[in-house]
Amino acid sequence: MPTVSIGRDRLFEALGRTYTQEEFEELCFSFGIELDDVVCMLSGRFWWRMEIDCKEFLGSKPATPAILAAESIPPGLTYLICVLSPLEMVDVDFVVDDKSCNGRLKLIRRSLVGRVEDIKGPAPLCGQMQSLHVTPPPLSPRLYLTVVETVVDRSKSKWGGKSSTIGGVHGLENFSNNKKLWLELEATGVGAYLGAFLAILTLLDTQTTEKAIIRKEKHLEEEAMEDEEVIYKIEVPANRYDLLCLEGLVQSLRVFSGVDQIPVYSMAKISRESMLKMHVKPETSRIRPFVVCAVLRGITFDEARYNSFIDLQDRLHQNICRRRTLVAIGTHDLDMLEGPFTYEALPPSDINFVPLKQVKSFRADELMEFYKSDMKLKKFLHIIEHSPVFPVLYDRNRTVLSLPPIINGAHSAITLKTKDVFIECTATDLTKAKIVLNTIVTMFSVYCEQKFEVEPVEVIESNGESNIYPVLSSYSMKVPLLYINGIVGASLKANKVADLLNKMQLCAKQSVLADESCYLDVSVPPNRSDVLHPCDVAEDVAIAYGYNEIPKRKPQSLKPLPLSQFSDLLRMEIAMAGYTEVLTWILCSYKEIFPMLKRKDDKSTAVTIGNPRSSDFEVVRTSLMAGMLKTIGHNKDHPKPIKIFEVGDIAVLDKSNDVGARNRRQLAALYCGSNSGFELIHGLVDRIMEITGTAFVQSGDNSGYYIEESDKPEFLSKRQASIIYKGKHIGIFGVVDIEVLGNFGIPDPCSFVELNIEDLL
């Protein structure tokens, strides 16, 4: 579930009252969200982390320290250093206000945050720091530098910088904050353990303070200091895009609490001729065919609103926009532009503009190279960089609005003084583009001069078809009361259900049809894109009613599947035989189920994962053996003997199945000790057959089970046997081959059994 971080004081101010933490947790629970965490940060300070990744290279040159040079940094900066190192202390030298200092860096373990102590220079660690000189510790693979910056007015945070190359090492591009900061890294060689420095800038995942980190390290429960701001981290449902910002969260909670009425969104009453126009060129169908637009007139920004507006776009990009692959959002100061607008797709060499936070003009193909070192934007380059044409938006004067989905133009960047905001969303999915546009305008139209009013924009397609966006009309849904009560599991009257739905921003009225059946006419507003089906309405009723208030009852029929019931009985019997159950991954690496088990892949058994995220999860397991051997390998120091078992599914290819594969329930057990324990595994096989009522018979008799010699490479020769049940091979057991044990790092002998329990039913 997405997590939204909001300052407690600002949240309570917007809600119109102050809550204790317990009261707010109860409110969140009642509304169907969760207060996940509470952290503190120094008010007015923003924490940033620079990671210097040290790459190994050949050579034996003397170690050269990293040098941080900063220009135009305001007073009041504190520098902390994080070093991922086996050492507890690291030597550092720094310059503050033209005075040299040095000290010892004490590491706080686990958090990897250090504090400079034992300062020997004349100046404290504050003021205007010109440089920081770090001597890398030996064998240290990474070096971290955290900058804690005091910013009075974050609204001026137009982060800018320049790229520099010194000694083959690239500096940062688009560094961070309203003050220009240049970072130069210099490395001429550091032996076999430390190589060229690659500078990376990322925002810390959890905003906190050094004091909070220390309290956490020491397991202290002291209250936060007065200068520490409390941040609430709130988990919201993944499809509730309206809850991804403070405005939507506050509006929903105030309506839920009965403080506010459900807002009514409307379109500005202007003629079609007076509307701004967006003309779509036919070439856009080759890359991003759709665009939707809207205007927020007379909006009033302050620092907090501005930051929330930017944060909502980032969260939407990560969520419904699927990292800008489906939808890319652009917001512009309309006073800097002149309509009508055009949405085109041109060769990269034909597009030239000054991108956001830059001062010089770039061609689009040059921007692709420029942003390959940008930690934020390089993740989106793959979306268009190999296309022969790039999408671009122009105004009447051929001023570039944006190059979606990469960057906006600097000319129309919004500021705190912006009054009219032009919003455009380019997309490969029109439905999601409409949802994104509706979410932004409904959340921030509350700050417009005409509250909850949005100015429409006419989009004229290349085929001449014309559409007006955004679409803010509510749509109606008829939901039977009987259906809602059946889903919720409670007997609620129609007027009670209507009241509950109104608390969830769904206008509902009772209606009775000709057949006297009771229905609810539910009006779904444009900010509730998650409501698609009557079951979504029933879910909102259950949330507003309270899950704890729903009467508990047993289902009329609760009968487990025969295979599940049989599996549970087998688990109990094997556990009583002294074996401990384990659960291993269903996905595994290719080498674990074939080369490491000395098996050959005939391409007829294993289900392969397309484009796996990790080499550890390349295929679906075809046997439980690899997972259990890995378990023993990771616990080889455990007192012997080790007796473990697992009952779980494997997957095998099956052309007769509609999906080309099928699951199969297997049972496996493993004994590891000072001796092989073959007789114990054999005895376990006999016990399993005994409790299933299967008699041991002579070879060739199909009325029971028998064993016969087998020759599998994962077992020792002459120390293995196949299990034949009613003439069918269902399993194998034996002493694991020494080479296989070595592949999994197991020094002790092991015996193993695996059989198909579905055939025993």
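**Close-up views of a predicted model**

**View 1. Lysine 357 is partly exposed, with a relative accessible area of 40%.** The model shown here and in the views below is predicted. Lysine 357 sits in the loop that runs between strand S20 (352-353) and strand S21 (362-363). Its phi is near 70 degrees, a positive value in a residue other than glycine.

**View 2. Lysine 718 is not a glycine, yet its phi is positive, at about 70 degrees.** This residue belongs to strand S38. Lysine 718 counts as exposed, since its relative accessibility is 63% and the cut-off for exposed is over 50%.

**View 3. Helix H8 (residues 481-488) has Leu481, Ile484, Asn485 and Val488 buried.** These four residues lie on the same side of H8, because they cover an arc of only 95 degrees around the axis. An α-helix has 3.6 residues a turn, so residues three or four places apart point the same way. On the other side of H8, Leu482 and Gly486 are exposed. The cover over the buried residues of H8 includes two strands and two helices: strand S28 (475-480), helix H9 (494-503), strand S30 (518-524) and helix H10 (534-545). After H8 comes glycine 489, with a positive phi near 85 degrees.

**View 4. Strand S30 pairs in the antiparallel sense with S28 and with strand S29 (residues 507-512).** The pairing of S28 and S30 extends over 6 bridges. Here proline 480 is placed opposite tyrosine 519 in S30. S29 and S30 are likewise joined over 6 bridges, and alanine 508 is placed opposite valine 522 in S30. S28 and S30 are both among the elements that cover the buried residues of H8.

**View 5. Seven strands form an open sheet with mixed pairing.** Their order is S31-S35-S36-S40-S39-S38-S37. Strand S31 (580-581) and strand S37 (705-709) have a single partner strand each and stand at the edges, so one side of each lacks a neighbour in the sheet. Within the sheet, strand S39 (residues 728-736) and strand S40 (residues 750-756) form an antiparallel pair over 5 bridges. Valine 735 faces serine 751 in S40 across this pair, standing opposite to it.

**View 6. Helix H14 (residues 678-691) lies across five strands of the model: strand S36 (661-672), S37, strand S38 (715-725), S39 and S40.** The helix runs at about 155 degrees to S39. S38, one of the strands that H14 lies across, is also the strand that holds lysine 718.

**View 7. Cis peptide bonds precede proline 470 and proline 641.** The first view of the pair shows the bond between tyrosine 469 and proline 470, with omega at about 0 degrees. Proline 470 is placed in the loop between strand S27 (466-469) and S28. The other bond joins lysine 640 and proline 641, also with omega at about 0 degrees. Proline 641 is in the loop between helix H13 (625-634) and strand S35 (642-653).

**View 8. Glutamate 458, in strand S26 (residues 453-460), is buried at 7% relative accessibility.** Its side chain is joined to that of arginine 272 by a polar contact of 3.3 Å. Leaving out residues up to four places away in sequence, glutamate 458 touches Arg272, Met275, Leu276, Lys277, Met278, Ser466, Asn467 and Ile468. Of these, Met278 is also one of the residues with the most contacts inside the largest nonpolar core.

**View 9. The largest nonpolar core has 98 residues.** Leu11, Phe24, Met278, Leu316 and Phe422 have the most contacts inside this core. Helix H7 (residues 430-444) contributes the largest share of the core, 8 residues. Apart from this core lies another, of 30 residues, including Met596, Leu597, Val619 and Leu624.

**View 10. Phenylalanine 24 is shown with its contacts beyond four places in sequence.** They are Leu11, Phe12, Leu15, Tyr19, Leu35, Tyr232, Ile234 and Leu253.

**View 11. The protein chain as context for the close-ups has 15 helices and 40 strands.** Of its 761 residues, 50% count as buried. Among contacts in the chain with a separation of 6 or more, 71% are between residues 24 or more positions apart.

How values were computed. Residues numbered from 1 in each chain as written. Predicted model: local features only at pLDDT ≥ 70, side-chain atom pairs only at ≥ 80, totals over all residues. Heavy atoms only, no water. Buried < 20%, exposed > 50% of the residue type's maximum accessible area, 1.4 Å probe, protein only. Arc of directions from axis to C-beta. Contact = heavy atoms within 4.5 Å. Pairing = 2+ DSSP bridges. Axes fitted to C-alpha atoms, helices over the stretch in contact; angles between N-to-C directions. Core = buried A, V, L, I, M, F, W, Y, C linked by side-chain atoms within 4.5 Å. Polar contact = N/O pair within 3.5 Å; in protein donor to acceptor, adjacent residues only side chain to side chain.
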